[in-house]
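The following report describes how selected helices and strands are arranged in one protein model.

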Amino acid sequence: MSLTQALRTAAAGLNAAQGGLSLVSANVANAQTPGYTRKTVETATVAAGGDLVSVRLASVNRLVDQYIQKQLRTESTGGSYATLRSQFYDRLQNIYGDPNSATSLESVYNDFTEAIQALTTNPSDYSTRANVLSTGVAMAQQLNNMSEDIQSLRQNAEQGLAECIASVNTCLRGLAQVNNQLTASHADDASRATMLDQRDYYLDQLAELMDIQVTHNADDSVAVFTSSGIQLAGASASTLSFDAQGMITAGAQWNADESKRQVGTIIATNSSGGTIDLIASRSIRSGKIAAYLEMRDKVLVQAQNQLDEFAAAVSRTLSDVTTAGTPATSGAQSGFDVDLTGLLAGNSVKVSWMDTLTGRTHTATLMRVDNPSALPLSDSLTADPNDKVIGIDFSGGLASAVTQMNKAFNGQVQFSNPAGNTLRVLDDGAASVADIVAVTVTKTQTSLSGGTAALPFFMDGPDYFSGAVAGTYPQSVGYAARITVNPSLLADVSKLVQFDVNTPSGDQTRPTFLYDKLVNTGQTYVTNTGVGSDAAPYNGTIASFLRQAMALQGENAAGAAKLAEGQKMVVDALQQRLNEGAAVNIDEEMTTLLTLQTAYGANARVFSVVNEMLKTLLQMM
């Protein structure tokens, strides 16, 4: 080998060693940098004419197991979804409290019923009466506070969604930028490896926010889609927008109908200007965004429904009076008369009739509506899955209401107003297609001294609670946040006992009625609470419904915690396997550094020796 060849070989060796040293330095410096993967240098020999000439840097390798990386992204999506859900369930459990604690809703309700029970044995005692009111106020305030806390959690979810969407946009823009760099770049291997790290970092971050599908191209660029197939990033990036709402209340819910939606929705706009609602199209099914949506629009809404149904059940059972109709006939027709005096919006007439051709009994609830914009009504307003709910607009008077009733039944059941506020319900007479089985009217008692043991103990702010439907949602939505004890009752505690002017101060009729209604009387509950099902709605006492609701919350929280724990184990295991190759190991880097330093020193020594030899040759000349 000539001295020139030796110098060239040594110079190439120095360059290769220097490149390796630079890479080791970068590995050590970025050991804690998120998304950075360990890199190694691969060298190759260069020969000419069969003689060894030099060595060169062949490539820079990223030590990433792409199969494990893909699995990790998928599991990270589920892991972030499960973890966030579990965190929200924990906070929701804190709102409900320990069922055995004195401050839980169940304990507060028991205090209220026990106070009424004490009143049944000592109705004339002022302090006993006052205790009933104070425990009633405490229960109402507990419902108010719990509702406020639940809506605060929904507000947190709304804010969390806004933050997630901002992060998604950052990732999508970053991916589009890196894609364009990878497609157009002629950078060296080290720079390209850095671009791939950036690409993978954005993908990892995006996978925690939402479930995605990634397609890799030959030039290492990627196309990113939602799991439903909507493209989010490629050469350009879609932009996601979220119109976060300032204040979340129980009535603020998501709806595909833009005019009814009162919470934020997620709109994706592509580079061509096309838009799609990712919530309406159900394009996001996992990740943090899906967890936030589930909590905001389902879990926390259901929790509020449970409180609202409990509050409504307590109010209804104390204030609503259901009266059976009196038999009535007209020629060959027979049926019942009911008095509609005092019928409020939300109060109803229930009609049961038998189809004589099939022998099947049908029921329909005719609910008073004073705001026609609320029509038509949903059958879900009553818990009976076989009940048909028909909204009747009373704003035009009873005659107009009767006309609407007859139109709804097409002559099979016939309605009339023979006198005053009487509603007559008759079968079809000689046609004998339908036979009236029963007719009842349910009205909300509005007077404390109306001659009946029922009373409006609880109010909806300044209004009576009658279950009215005046707009998009019935009065029961958010009622737990507004329930109060009747101020007239607070002003005159004697009305807990005296329901007319002749009632003795020690009369037990009303206290016994109140206690029996609250403790012993069963009722059927709407199924949007998660208790019971559409086919088999839950029927039981108020206390049993409350226990069922709290048990459901506990089971859901435990299930969420178990899912999060299991998902974390999977994610941690995959992350560890990925780190075994991709993460920087300082000890390994130091070993590599020593090897490169030795190689660098050896090549530098060749330079020194050649230099001495050249000096010697020059001196000999």
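Helices α6 and α10 are oblique to each other, because their angle falls outside the ranges that count as roughly parallel (under 35 degrees), roughly antiparallel (over 145) and roughly perpendicular (65 to 115). The model is a predicted one, in which local features need pLDDT of at least 70 and side-chain atom pairs count only at pLDDT 80 or more, whereas totals for chains, interfaces and linings use all residues. Residues are numbered from 1 along each chain as its sequence is written, and side-chain values use heavy atoms, with hydrogens and water left out.

**Helix packing**

Helix α6 (residues 287-319) packs against helix α10 (residues 509-519) at an angle of about 140°, and their axes are 9 Å apart; axes are lines fitted to C-alpha atoms, for helices over the stretch in contact, and angles run from 0 to 180 degrees between N-to-C directions. Helices (H or I, at least four residues) and strands (E, at least two) are DSSP runs, numbered from the N terminus. From α6, V314, T317 and L318 meet F513, L514, K517 and L518 of α10, where contact means heavy atoms within 4.5 Å. These contact residues divide into five nonpolar, one polar and one charged, with Ala, Val, Leu, Ile, Met, Phe, Trp, Tyr, Cys and Pro counted as nonpolar, Asp, Glu, Lys and Arg as charged, and the others, Gly among them, as polar.

**The five-stranded sheet**

An open sheet of five strands follows the order β9-β17-β12-β13-β14, with mixed pairing. Its edge strands, β9 (320-324) and β14 (387-393), each pair on one side only, and neighbouring strands are turned by 25° against each other on average, direction ignored. Helix α6 lies across β9 and β17, running at about 50° to β9, while helix α7 (residues 398-409) lies across β12, β13 (360-369) and β14, at about 145° to β14.

**Antiparallel pairs**

Two strands pair if DSSP finds at least two bridges between them, and the table lists three antiparallel pairs.

| Strands | Bridges | Bridge partners |
|---|---|---|
| β12 (348-355) and β17 (434-444) | eight | W353 and I436 |
| β6 (239-242) and β7 (266-269) | four | F242 and I266 |
| β7 and β8 (275-277) | three | A268 and I276 |

Along β7 the side chains alternate, so that I266 and A268 point to one face and are buried (under 20% relative accessible area, with a 1.4 Å probe and protein chains only), while I267 and T269 point to the other face and are not buried. In the hairpin of β7 and β8, which has five residues between the strands, G273 takes a positive phi near 95°.

Note on methods:
Buried means under 20% relative accessible area, exposed over 50%, partly exposed in between (1.4 Å probe, protein chains only).
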